[in-house]
Amino acid sequence: MRRPSKTAALLLANAEPFIRSRPLRKRDARQPDLPFDSIPQRVEPCLALLKPSVPTGPGWIFEIKWDGYRLAIHIERKDVRIITRGGHDWTHRFPSIAAAAKELNVHTAILDGEAVVLDSSGRSDYGALQRSLGGRGGKRVSTESVLMAFDPLYLDGHDLTGSDLSMRRHLLEDIVTPSDNRAIRLSEEIEADGAHLLEQACQIGLEGIIAKKSDQPYRSGRTGDWVKIKCIRSESFMIVGYEASAAARGGIGSLLLAGKLGSDWIYVGSVGTGFSSKDAIFLRTALDKLRTKTAAVPLKGKNIVLAQPTLIAEIEFRGWSNDGKLRHAYKGLREIQDNAAVFDMADRET
């Protein structure tokens, strides 16, 4: 059995022994790369459906939930493209991942995964990833980031999206290792009791876990084949203005947020915690450029500055109040290129 990575070892320090799937046999990379299936230019990602509890029953496998940017790595005879969830080419933003992809023992492949920056304990740090890229709209390249690969969608002439997850995992483990020292690493499958695994994940400060049906093909969208269970819930909301304050850091007392319901914006409350003075200065500068006299949602109060609904904030929250507002804290801005989806109010748990 492979030695678990630092993150997995930390997660399972007090857990029962676990089993990880293994390839049935090794691929022969020297075999000619026959074009049985043409490689797609893009595959819409399979998205995890947020659930409040861990699914039970047979056929579920579990992984750590990584907090970063979803990427697809396209490899065609050492020519590498890195595509964001929204379909943008960010190859130049992740040079270390691109270089590592060229060293993989494949001719053609598409790998699905999450770009993260890890802390000293192996936990993903979304803020550190954002800083490595220069913040929202930044132009920096991220040399600190690594890709946690969790699914092969295409491999050496074969479209794998119709194969079940267990088979895809066998193939993935043949080409990506759980090494702590490479820019492309394996997001390990952990076979354990899901509820206990979630408890352990929350205790050591991870964002949560992902549960996947092992007998299902790769299907784009939120089909329920993949489920995410978070320790602290996090979603994206539109910033529709801010409350100015001379006493607050950067002049922002709180951000005013909205969710989406059909074609309408729905006000979900304000958030005044979670951002630093530096964040506040950046946010005020960006929002002042988006000032408008037209409110996206009905707002009342003093010192309110209205903004065009353009900036998307990632918000951590623990639930909804009785009047339909969030109990939350600011986490960071999302990139449009990451295809950040504003929270759909129709999905709100009541």
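Reader: How many bridges join β9 to β10?
Author: Strands here are DSSP runs of E with at least two residues, while helices are runs of H or I with at least four, and both are numbered from the N terminus. Two strands pair if DSSP finds at least two bridges between them. In this predicted model, A211 stands opposite V227 in β10. β9 and β10 run antiparallel, and the number of bridges joining them is 5.

Reader: What pLDDT do local features need in this model?
Author: Residues are numbered from 1 along each chain as its sequence is written, and side-chain values use heavy atoms, with hydrogens and water left out. The model is predicted: totals for chains, interfaces and linings use all residues, side-chain atom pairs count only at pLDDT 80 or more, and local features need a pLDDT of at least 70.

Reader: Which strands stand at the edges, each with a single partner strand?
Author: Happily, the order answers this: 4 strands form an open sheet, β1-β10-β9-β2, with mixed pairing. A strand at the edge has a single partner, so one side of it is left without a neighbour in the sheet. Those strands are β1 (49–50) and β2.

Reader: Which residue is the bridge partner of I61 in β9?
Author: Strand β2 (residues 60–64) has 5 of its 5 residues buried, where buried means under 20% relative accessible area, exposed means over 50%, and partly exposed lies in between (1.4 Å probe, protein chains only). Both faces are covered, with W60, F62 and I64 on one side and I61 and E63 on the other. β2 and β9 (residues 208–213) run antiparallel and are joined by 5 bridges. In β9, I61 has as its bridge partner K212.

Reader: Around what arc of the axis do the buried residues of α5 lie?
Author: In helix α5 (residues 194–203), the buried residues are G194, L197, L198, Q200 and A201. An α-helix has 3.6 residues a turn, so residues three or four places apart point the same way. The arc is taken from the directions from the helix axis to the C-beta atoms. The buried residues sit on the same side of α5 because they cover an arc of only 165°.

Reader: Which cysteine forms a disulfide with C202?
Author: A disulfide is a pair of cysteine sulfur atoms within 2.5 Å, and a search of the whole structure finds 1. Its sulfur atoms are 2.1 Å apart, and the link is left-handed, with -95° about the S-S bond. It connects distant parts of the chain, helix α5 and the loop between β10 (226–230) and β11 (233–244), 29 residues apart. The partner of C202 is C231.

Reader: Is C46 buried or exposed?
Author: For a start, C202 is partly exposed at a relative accessible area of 35%, and C231 is partly exposed at 26%. C46 has a relative accessible area of 1%, which means that it is buried.

Reader: Which residue in the turn between β12 and β13 has a positive phi?
Author: β12 (residues 252–261) is largely enclosed by the rest of the structure, because 7 of its 10 residues are buried. β12 is joined to β11 by 6 antiparallel bridges, and E243 stands opposite S254 in β12. β12 also pairs with β13 (residues 264–271) in the antiparallel sense over 7 bridges. The two form a hairpin with 2 residues between them, and the turn residue with a positive phi, about 65°, is G262.

Reader: How many residues are in the largest nonpolar core?
Author: A nonpolar core is a set of buried Ala, Val, Leu, Ile, Met, Phe, Trp, Tyr and Cys residues joined through side-chain atoms within 4.5 Å. In soluble globular proteins, nonpolar side chains tend to be buried together. In the largest core, the members touching the most others are I73, I75, I82, F94, I97, V176 and I184, and the core's total is 33 residues.

Reader: Which backbone nitrogen does the side chain of T91 reach?
Author: T91 lies in the loop between β4 (79–84) and α2 (95–102). Not counting residues up to four places away in sequence, T91 touches V80, R81, I82 and A98, with contact meaning heavy atoms within 4.5 Å. At 2.8 Å, the T91 side chain reaches the backbone nitrogen of I82.

How values were computed:
A polar contact is a pair of N or O atoms within 3.5 Å; within protein, one must be able to donate a hydrogen and the other to accept it, and residues adjacent in sequence count only if both atoms are side-chain atoms.
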